[in-house]
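Colleague: Please take a close look at the sheet in this model, and at what packs against it.

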Amino acid sequence: MMREILIWPDPVLKQAARPVEVVDDAIRALLEDLAETMYAAEGVGLAAPQVGELLRCIVIDTSPRQEGQKLVHLVNPEIVRTEGVTTYTEGCLSIPGEAEEVERAARVWVKALDFQGKPFEIECDGLLAIAAQHEIDHLEGRLFVDHLSPLKRELIRKRMRKLKAEKASERADELRKAPRHESAL
């Protein structure tokens, strides 16, 4: 099921997610929803807090831009090792239309639980390394704008507030134009 993606500065995006106790059907359904929502939004990663669920779950699929990759489900992901430094122009589904250069580790090793709840470790480089760090940041209540200067961050915040106000106005217009059904009682 597709979920609505929260737009920054929604306060939920600044909260740390809690660990998943057990990977059960509810968590697998959340992971499936995250993947469906990510693909519909044409993203390469999505974290549960971005859809209002404060759980340590993320999905990443860099295959459209990185050969040899596929959908990865990460539950309770933790970066256990980093190597090198790189800069990448990042965007975010919770900050639509914005992109800025962010410095990250060039390679990361992440341990997590998979879709079935089995522990595994994955070595990430290129876009997969960037996406893993970006999405794990979401689980800590951090966004890519937190890596920017205060001035850039504030300019983006103002544009996002304007975007949220426009979307709210559009939804209100749709509700006003919706057909009304009279009660038979």
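Modeller: The sheet comes first, then the helices and the cores. This is a predicted model, in which local features need pLDDT of at least 70 and side-chain atom pairs count only at pLDDT 80 or more, while totals for chains, interfaces and linings use all residues. Residues are numbered from 1 along each chain as its sequence is written, and side-chain values use heavy atoms, without hydrogens and water.

Five strands make an open, antiparallel sheet in the order 1-2-3-6-7. Strands are DSSP runs of E with at least two residues, helices runs of H or I with at least four, numbered from the N terminus; two strands pair if DSSP finds at least two bridges between them. Strand 1 (45-47) and strand 7 (119-125) each have a single partner strand, so one side of each lacks a neighbour in the sheet. Strand 6 (residues 107-113) is joined to strand 7 by seven bridges, and A112 has F120 as its bridge partner there.

Helix 1 (residues 25-40) lies across strand 1, strand 2 (57-60) and strand 3 (72-83). Helix 2 (residues 126-139) lies across strand 1, strand 2, strand 3, strand 6 and strand 7.

The largest nonpolar core has 21 residues. Such a core is a set of buried Ala, Val, Leu, Ile, Met, Phe, Trp, Tyr and Cys residues joined through side-chain atoms within 4.5 Å, where buried means under 20% relative accessible area with a 1.4 Å probe, protein chains only. Helix 2 gives the largest share of this core, eight residues. Among the members that touch the most others are I58, V110 and C124.

How values were computed:
Contact means heavy atoms within 4.5 Å. Axes are lines fitted to C-alpha atoms, for helices over the stretch in contact, and angles run from 0 to 180 degrees between N-to-C directions. Buried means under 20% relative accessible area, exposed over 50%, partly exposed in between (1.4 Å probe, protein chains only).
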